[in-house]
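Work through the two exercises below with the model open beside the text, and try each task before reading its solution.

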Amino acid sequence: MILWKGMTLILYIVLSASFITASTMGVRLLRLLRRFTARQVPELPPSEDNLPTVSVCIPARDEMHAMTRCLEAVIASTYPKLEIIVLDDASKDNTSILIKSFAHSGVRFVEGSPLPDGWLGKTHAEHELIREASGDLILFLDVDTHIRPRTIDTLVALMLSENATMVSVMPTRDDVWRSSVLFATLRYFWTIILHRPSLPSVASSAWLVRRDYLSTQFQNLETLRLTVEPERLIAAEAARHNAYRFYVSSHLIGVSYEKKWRSQLETSIRLLYPSLKGRLIQVAIAYITMGLMLVPFAWVPTAIILGWHTSHLVAAILSLLMIGVYTLYTTRVWSKGWLIGGVVFPFVLLQEMYLLTRSVYAYSTRTVTWKGRPIMGSAKAVMRPTKDAV
């Protein structure tokens, strides 16, 4: 009896911690979603002479499956002062041929040079694109990112109105009834929840930045050549001067994406451990946090064996609260199917714990890869500027 009471006490303490975790995350998520939502779009200067030129820069490596839709969307842009540059980063498929087929639409093809020592593949591709670009602003796009005709107009207008140096947009999902959406990783969920001034929320899918800023502050990414998320450190530096803005996409902005489930898993393994700065104490906190979020879901089914107790009712209510928190997120980033996303949340959490484990193991054993290329260095090293380049 004493043992049972002790276990019950521990259970209620854990459930109380779960409630605090869910409530804190829910309040924070609601506040930040409001903060990161563009309520209205300012007008661009009426004269084209006053508009900055924009270079859309797209690094591509084995992207046959997504290149056509991406380029067609960019070509349809209404922004008047635009150049489109696509770099083929040693693709093994026919990506280069596909890019060249858009030459008649003004797309400029750049063949990437061999990856030099001391660089990560995508960072080097962006470095080369910066050197090729001539625009006042550079819009980096992932191939699996889609924009609407007025998206670039909107991003430039937001940047000018806020006098910002960099703007990035978290994309939404328009395709829903597939595993790549329902079991999407929590990458962007954590991006919002973990926002802080020293390392602000950022999205690599679409980010607009002043070209001269990249040149003067980061030597065209030379100082970030081993960084897995250079855009995050660029955003952090701009945020120090209140010159960075992050938005969650909406119908006003029009940025969405489609990414295969397997690609999402690979991205998470590459980013999760570095996002925790490669510190085991932060990894432990992450496990505890996700564990507390899973406890209510795990306890409710035990009522079948143990019989229904008050703790099961509490756990059921907490489970609904957890689902509600995640649904608050999915309603903003999924065009449909958001309720189903909330229901599968516990399975997504289990997936996330597995991916974090894989990320820690991969970096510890130096087996991290990105599109077939190894990422050398520790999780700490790939989240900071390269010392000898500063």
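Patches are made of residues with over 30% relative accessible area and no salt bridge, where like charges are joined within 9 Å and nonpolar side chains (Val, Leu, Ile, Met, Phe, Trp, Tyr) within 5 Å. This is a predicted model, in which local features need pLDDT of at least 70 and side-chain atom pairs count only at pLDDT 80 or more, while totals for chains, interfaces and linings use all residues. Residues are numbered from 1 along each chain as its sequence is written, and side-chain values use heavy atoms, with hydrogens and water left out.

**Exercise 1.** Determine which residues form a nonpolar patch on the surface with Phe19.

Solution. Phe19 is joined in this patch by Ile20 and Leu321, and together they have about 270 Å² of accessible area (Shrake-Rupley method, 1.4 Å probe, only the protein chains shown counting as cover). Phenylalanine 19 itself is found in helix 1 (residues 2–35), and because its relative accessibility is 44%, it counts as partly exposed (between buried, under 20%, and exposed, over 50%).

**Exercise 2.** Establish how strand 1 (residues 54–60) is enclosed and which strand it joins over seven bridges.

Solution. Seven of the seven residues of strand 1 are buried, so the strand is largely enclosed by the rest of the structure. Val54, Val56, Ile58 and Ala60 point one way, whereas Ser55, Cys57 and Pro59 point the other way. Strand 1 runs parallel to strand 2 (residues 82–88), joined by seven bridges (strands pair if DSSP finds at least two bridges between them), and cysteine 57 has isoleucine 85 as its bridge partner there. Strand 1 also pairs with strand 4 (residues 137–141) in the parallel sense over four bridges, with serine 55 opposite isoleucine 138.

Technical notes: A salt bridge is a side-chain nitrogen of Lys or Arg within 4 Å of a carboxyl oxygen of Asp or Glu. Helices (H or I, at least four residues) and strands (E, at least two) are DSSP runs, numbered from the N terminus. Buried means under 20% relative accessible area, exposed over 50%, partly exposed in between (1.4 Å probe, protein chains only).
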